[in-house]
Amino acid sequence: MLTSILIILFLAVIIGLVLGFSSVQFKVEGDPIIEKIDSILPQTQCGQCTYPGCKPYATAIANGEADINQCPPGGESGVRALAELMGVEYKPLNESHGITKPKSVAFIDEDTCIGCTLCIQACPVDAILGAAKQMHTIIEKECTGCELCLPPCPVDCITMPEVEEDTENWKWKYPVYNINNVTTNKSKATH
Amino acid sequence: MLNNYFLIIISTVLVNNIVLTKILGLCPFMGVSKKLETSISMSAATAFVLTIGSMTSWAINHYLLEPNDLVYLRTLTFIVVIAAVVQFTEMLMEKNFPVLYKMLGIFLPLITTNCAVLGIPLLNAQASYTLLESAFFGFGGALGFSFVLILFSSTRERLEGAHIPQPFKGSAIAMITAALMSLAFMGFIGLDK
């Protein structure tokens, strides 16, 4: 009895060690460019780019199937970062995929909510808490403001108020300098 | 000595074919035989797993189970070992042959549930072969499996274009073909003395 338990245990340990070691040894790294693109994307998983999430969109950009200007939540700065990474020209956001809106989070009017769980199923980041016939609420920290929960709500109890700037979430603005191109004028002058 | 190994191979490929005579491993035999290409790569993966699996399970049977009188644990330990070998093969393949890995897809982990893969180490243990003999037995079994699978899938590819009565189309004619092949392989029994 004891020997059989010991033998099975011994086998399990050996197999675990071998498999664990080989999973490190034979680790397959994903395409690094996809990871880099994915880290620039805002991870709202909103699907406005027509791909089912940020990672698929990143894969499509890496394969040359998608353009870099299809991500409204990423905004202009996102497109600029992508253009720099991919080594292509910056182009303005494609408006057919939506426009950049100020950052907002969903808010559920808890008096009207009927607890149908439809918005929970729609939420790509699991930011809605609730159960059937129970009131739902938004976990503000997790909400990416993708608005995917708005269409399924049968009683329209979800609104998207803008996040107002206060001392909690204020950040330094990205510095923008207007650089005058003086070299072209100079070269013209010398010739 | 060499003759012995040759006999083992011939007997497992033709006379005691694992699929058509022992009726083991029918799931991949029916499932992966629609296209010749996938059936070839499936056979290669199964051959690898079977050979390594029968060697490791021989070692476990010989050094761990038999000295301790734990023969009744064979099935359990062999399943675990085979699952581990399949997992290992999967990792190895993903790293070194990503195209093959993608082509096999779900069938690669499904080798675990291929009963031929469990059946051969168990038959090995019953026949009390040596390490090399059981390796040859495993490889021969895999060869027999591949042989039949490739024959069957090429037949099925041809059957696609054949005039088959409506009620017999698809799986029905595949079953009938398999049965006829099994009958044909019974003819090899005469080879065994």
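# Close-up views of the predicted two-chain model

**View 1. Five residues of H4(B), namely Arg74(B), Thr75(B), Phe78(B), Ile79(B) and Ile82(B), meet Val117(B), Leu118(B), Pro121(B), Leu122(B) and Ala125(B) of H7(B).** By charge and polarity, this contact of H4(B) with H7(B) comprises 8 nonpolar, 1 polar and 1 charged residue. Nonpolar covers Ala, Val, Leu, Ile, Met, Phe, Trp, Tyr, Cys and Pro; charged covers Asp, Glu, Lys and Arg; the others, Gly among them, are polar. Two residues are in contact when their C-beta atoms, placed from the backbone, lie within 7 Å. Helices (H or I, at least four residues) and strands (E, at least two) are DSSP runs, numbered from the N terminus. The model is predicted: local features need pLDDT of at least 70, side-chain atom pairs count only at pLDDT 80 or more, and totals for chains, interfaces and linings use all residues. Residues are numbered from 1 along each chain as its sequence is written, while chains are lettered from A and ligands numbered from 1 in the order in which they are written.

**View 2. The axes of H4(B) and H7(B) lie 10 Å apart, at an angle of about 135 degrees.** H4(B) is therefore oblique to H7(B). Angles under 35 degrees count as roughly parallel, over 145 as roughly antiparallel, 65 to 115 as roughly perpendicular, and the rest as oblique. Axes are lines fitted to C-alpha atoms, for helices over the stretch in contact, and angles run from 0 to 180 degrees between N-to-C directions. H4(B) and H7(B) cross in a right-handed sense. Right-handed means that the near helix is turned clockwise from the far one by less than a right angle, and left-handed that it is turned anticlockwise.

**View 3. The largest nonpolar core holds 41 residues, and those with the most contacts inside it are Val19(B), Val49(B), Ile82(B), Ala116(B), Val117(B), Ile120(B) and Phe145(B).** Two or more residues each come from helices H1 (2-15), H3 (36-65), H4 (74-96), H7 (115-127) and H8 (131-160) of chain B. H8(B) supplies the largest share, 10 residues. A nonpolar core is a set of buried Ala, Val, Leu, Ile, Met, Phe, Trp, Tyr and Cys residues joined through C-beta atoms within 7 Å. A residue is buried if 20 or more other C-beta atoms lie within 10 Å of its own, exposed if 12 or fewer, and partly exposed in between, with C-beta atoms placed from the backbone. Leaving aside residues up to four places away in sequence, Phe145(B) touches Ile18(B), Val19(B), Gly25(B), Ser43(B), Thr46(B) and Ala116(B). Another core, of 13 residues, lies apart from the largest one and includes Ile108(A), Cys119(A), Ala127(A) and Cys149(A).

**View 4. Cys115(B) lies in helix H7 of chain B.** Cys115(B) has 16 other C-beta atoms within 10 Å and so is partly exposed. Leu24(B) and Gly25(B) are touched by Cys115(B), not counting residues up to four places away in sequence. From Cys115(B) to Ile18(B) the C-alpha distance is 9.9 Å, across 97 residues of sequence.

**View 5. In chain A, helices H2 (residues 32-40) and H3 (residues 54-62) have axes that come within 8 Å and cross at roughly 125 degrees.** H2(A) and H3(A) are therefore oblique to each other, and their crossing is right-handed. Ile33(A), Ile34(A), Ile37(A) and Asp38(A) of H2(A) meet Cys54(A), Lys55(A), Ala58(A), Thr59(A), Ile61(A) and Ala62(A) of H3(A). This contact of H2(A) with H3(A) comprises 7 nonpolar, 1 polar and 2 charged residues.

**View 6. Thr117(A) and Asp69(B) have positive phi without being glycine, near 65 degrees for Thr117(A) and near 60 degrees for Asp69(B).** Most residues other than glycine have a negative phi. Thr117(A) sits in the loop between strand S1 (107-108) and helix H5 (118-122) of chain A; Asp69(B) sits in the loop between H3 and H4 of chain B. Thr117(A) counts as partly exposed because 16 C-beta neighbours lie inside 10 Å. Asp69(B), with 9 such neighbours inside 10 Å, counts as exposed.

**View 7. At the interface, 10 residues of chain A are in contact with 14 residues of chain B.** The side of chain A that touches chain B has 6 nonpolar, 4 polar and no charged residues. Chain A has 6 helices and 4 strands, and chain B has 9 helices and 0 strands. Buried residues make up 18% of the 191 residues in chain A and 37% of the 193 residues of chain B.
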